[in-house]
Amino acid sequence: MTDNQINMDERTGLVVMTSDECGELLTSTPIGRMVFNDGDQPLALPVNFAWVDDTVVFRTLEGQKLHAAIDGAKVCFEVDRWDEQSDTGASVLVKGQAVEVTQWAEQEQLEQLDVRPWSRQPWRQAWVRVIPNEITGRRLG
C-alpha cells in the first residue's frame with residue numbers, strides 16, 4: 001500500500017488508522033479510559049495520561065487501577081476524538097499489560113511530564129505504565 005492509499009475496514013466502512021495516526025491521537029488526547037477486569041466484571045475508568053516511549057503512563061492512588069498494575073493485568077486503554085460539526089471522529093485501542101512503575105529513575109522522568117489528575121487531592125503518587133502488545137485505530141470521515 002502506498003502512502004496515498006486508504007485502508008478501509010470493509011465490515012464497518014471505517015478507515016483503519018496507521019500507527020503514526022494512532023500515535024498522534026494518543027499524543028494529543030489528555031484523557032483516556034483504562035479497561036480491566038474487576039473480579040468477574042469489566043471496568044472502564046477515565047484517567048489523565050501521557051503517551052511516552054510508545055506506552056501509556058498515568059498517575060493513580062491505591063485502588064483498582066494500581067492493583068491491576070501490581071498484578072500485571074491484561075488491560076485495554078482507549079481514547080477517542082469526535083468533532084460534531086464535521087461529523088468526524090477517531091478511536092484508538094491499546095491492548096497490553098499494566099505494570100506499576102517502581103524504578104526511582106523512571107519515576108523521576110515521569111514526574112517531568114504534565115500529567116495532572118482532575119482531582120488534585122489527594123495527590124496520586126503511584127505511576128502505572130501500559131505496555132502495548134497491539135494498537136489499533138479507526139476513524140470516520
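This report describes the aromatic pair and several of the salt bridges in the structure, which is a predicted model.

**Aromatic pair**

One aromatic pair is present in the structure. Its members are Phe49 and Phe77, whose ring centres lie 4.8 Å apart with 65 degrees between the planes. Because planes over 60 degrees apart count as edge-to-face, the arrangement of Phe49 and Phe77 is classed as edge-to-face. The pair links distant parts of the chain, with the two positions 28 residues apart in sequence numbering. Phe49 belongs to the loop between β3 (41-48) and β4 (50-52), whereas Phe77 belongs to strand β6 (residues 74-83). Phe49 and Phe77 are both buried.

**Salt bridges**

Seven salt bridges occur in the structure. The table lists three of them, with the N to O distance of each.

| Basic residue | Acidic residue | N to O distance |
|---|---|---|
| Arg81 | Glu24 | 3.5 Å |
| Arg33 | Glu78 | 2.4 Å |
| Arg59 | Glu111 | 2.7 Å |

In the bridge between Arg81 and Glu24, the arginine lies in strand β6 and the glutamate in helix α1 (residues 19-28), so the contact ties together parts of the chain that are 57 residues apart in sequence. Arg81 is partly exposed, at 38% relative accessibility. Glu24 is likewise partly exposed, with a relative accessible area of 42%.

Strand β6 also contributes Glu78, the partner of Arg33 in a further salt bridge. Arg33 is located in strand β2 (residues 31-38), and the pair therefore ties together parts that are 45 residues apart in sequence. Arg33 has a relative accessible area of 28% and is partly exposed. Glu78 has a relative accessible area of 15%; the limit for a buried residue is under 20%, so Glu78 counts as buried.

The side chains of Arg59 and Glu111 also meet in a salt bridge. Arg59 is part of strand β5 (residues 55-60) and Glu111 is part of helix α3 (residues 104-111), so this pair ties together parts that are 52 residues apart in sequence. Arg59 is buried, at 5% relative accessibility, while Glu111 is partly exposed, with a relative accessible area of 31%.

**Network**

Salt bridges that share partners join Arg33, Glu78 and Asp80 into one network. Within this network, the bridge between Arg33 and Glu78 has its closest N and O atoms 2.4 Å apart. Strand β6 thus recurs in the contacts described here, because Glu78 lies in this strand, as does Arg81; Phe77 of the aromatic pair is in strand β6 as well.

Note on methods. Residues numbered from 1 in each chain as written. Predicted model: local features only at pLDDT ≥ 70, side-chain atom pairs only at ≥ 80, totals over all residues. Heavy atoms only, no water. Phe/Tyr/Trp six-rings, centres within 6.5 Å; stacked < 30°, edge-to-face > 60°. Helix = DSSP H or I, 4+ residues; strand = E, 2+ residues; numbered from the N terminus. Buried < 20%, exposed > 50% of the residue type's maximum accessible area, 1.4 Å probe, protein only. Salt bridge = Lys/Arg side-chain N within 4 Å of Asp/Glu carboxyl O.
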